[in-house]
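Reader: I am new to this structure. Please take one part and look at it closely. I would like to see how that part sits among the rest.

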Amino acid sequence: MNVAGFMPFGFSCALFLYRKRKGRKGQAFLIALLAGAAFSFGIEIGQVFFPTRSSSLVDLVCNTAGTAFGIAAFQLIAAE
C-alpha cells in the first residue's frame, strides 16, 4: 500500500521538477526522490504524536521506494 500510495507523488514531483529544471533531468529526479523521502519522514515523525498510530522504518523505506517507482514511471513515459 505504501509503495502504491507514493507513486503518484514521485510521478508528479518528477514532472514538475523536470519542467522547471529544463535539461537537468538527473538533478530534477534526485530532488524529487529526496522530497519523497523527506515527506515520508515527516509523516512518520508526525505519527509519533498519535496514540493509535505507529511509525516504522519499513514504512519510510516503502514510501521512498514508491517515490522512486513513480519517478521511473515518469522516465518511461517522458523518454526522449
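Author: What follows is a close look at how the helices pack, with one pair of side chains as the focus.

First, the setting. This is a predicted model. The chain has three helices and zero strands. Read from the N terminus, the order of elements is α-α-α. Along the principal axes, the C-alpha atoms fill a box of roughly 45 × 20 × 15 Å. The chain has 80 residues, and 25% of them are buried. Take the contacts in the chain with a separation of 6 or more. Of these, 61% link residues 24 or more positions apart.

Now the focus. Which residue's side chain makes a polar contact with that of Ser40? Asn63 does, and the contact is 2.9 Å. Ser40 belongs to helix 2, residues 25-47. Asn63 lies in helix 3. This pair therefore links side chains from helix 2 and helix 3.

Are these two residues buried or exposed? Ser40 has a relative accessible area of 0%, so it is buried. Asn63 is buried too, because its relative accessible area is 4%, under the 20% cut-off.

Look next at what surrounds them. Set aside neighbours within four places in sequence. Ser40 then contacts Phe6, Asp59, Leu60 and Asn63. On the same basis, Asn63 touches Asn2, Phe6, Ser40 and Glu44. Phe6 is on the list for Ser40 and also on the list for Asn63. Phe6 is part of helix 1, where it meets helix 3. Phe6 also takes part in the contact of helix 1 with helix 2.

Step back to the helix pair that holds the polar contact. Helix 2 and helix 3 pack at an angle of about 150°, and their axes are 9 Å apart. Helix 2 is therefore roughly antiparallel to helix 3, because angles over 145 degrees count that way. The crossing of helix 2 and helix 3 is right-handed. On the helix 2 side, the contact uses Phe29, Ala32, Leu33, Gly36, Ala37, Ser40, Phe41 and Glu44. On the helix 3 side are Asp59, Leu60, Asn63, Thr64, Thr67, Ala68, Ile71, Phe74 and Gln75. By class, the contact of helix 2 with helix 3 has nine nonpolar, six polar and two charged residues. Ser40 and Asn63 both appear in this contact.

Helix 1 comes in next. It spans residues 2-20, and helix 3 spans residues 57-77. Their axes come within 6 Å and cross at roughly 50°. So helix 1 is oblique to helix 3. Helix 1 and helix 3 cross in a right-handed way. From helix 1, the residues in contact are Asn2, Val3, Phe6, Met7, Phe9, Gly10, Phe11, Ala14, Leu15 and Tyr18. They meet Asp59, Cys62, Asn63, Gly66, Thr67, Phe69, Gly70, Ile71, Ala73, Phe74 and Ile77 in helix 3. The contact of helix 1 with helix 3 counts 14 nonpolar, six polar and one charged residues. Asn63 is listed here, as it is in the contact of helix 2 with helix 3.

One pair remains. The axes of helix 1 and helix 2 come within 9 Å and cross at roughly 140°. That makes helix 1 oblique to helix 2. Here too the crossing is right-handed. Helix 1 supplies Phe6, Phe9, Cys13, Ala14, Leu17 and Tyr18 to this contact. Helix 2 supplies Lys25, Ala28, Phe29, Ile31, Ala32, Ala35, Gly36, Phe39, Ser40 and Ile43. The residues of the contact of helix 1 with helix 2 are 13 nonpolar, two polar and one charged. Ser40 is among them.

Two other residues give some contrast. Gln27 is in helix 2. Its relative accessible area is 36%, so Gln27 is partly exposed. Gln27 and Leu76 are 49 residues apart in sequence, and their C-alpha atoms are 17 Å apart in space. Ser56 sits in the loop between helix 2 and helix 3. Ser56 counts as partly exposed, because its relative accessibility is 26%. Between Ser56 and Tyr18 there are 31 Å from C-alpha to C-alpha, at 38 residues apart in sequence.

Back to the focus, then. Ser40 and Asn63 join through a 2.9 Å polar contact of their side chains. Ser40 is buried, and so is Asn63.

How values were computed
Residues are numbered from 1 along each chain as its sequence is written. This is a predicted model: local features need pLDDT of at least 70, side-chain atom pairs count only at pLDDT 80 or more; totals for chains, interfaces and linings use all residues. Side-chain values use heavy atoms; hydrogens and water are left out. Axes are lines fitted to C-alpha atoms, for helices over the stretch in contact, and angles run from 0 to 180 degrees between N-to-C directions. Helices (H or I, at least four residues) and strands (E, at least two) are DSSP runs, numbered from the N terminus. Angles under 35 degrees count as roughly parallel, over 145 as roughly antiparallel, 65 to 115 as roughly perpendicular and the rest as oblique. A crossing is left-handed if the near helix is turned anticlockwise from the far one by less than a right angle, and right-handed if clockwise. Contact means heavy atoms within 4.5 Å. Ala, Val, Leu, Ile, Met, Phe, Trp, Tyr, Cys and Pro count as nonpolar, Asp, Glu, Lys and Arg as charged, and the others, Gly among them, as polar. Buried means under 20% relative accessible area, exposed over 50%, partly exposed in between (1.4 Å probe, protein chains only). A polar contact is a pair of N or O atoms within 3.5 Å; within protein, one must be able to donate a hydrogen and the other to accept it, and residues adjacent in sequence count only if both atoms are side-chain atoms.
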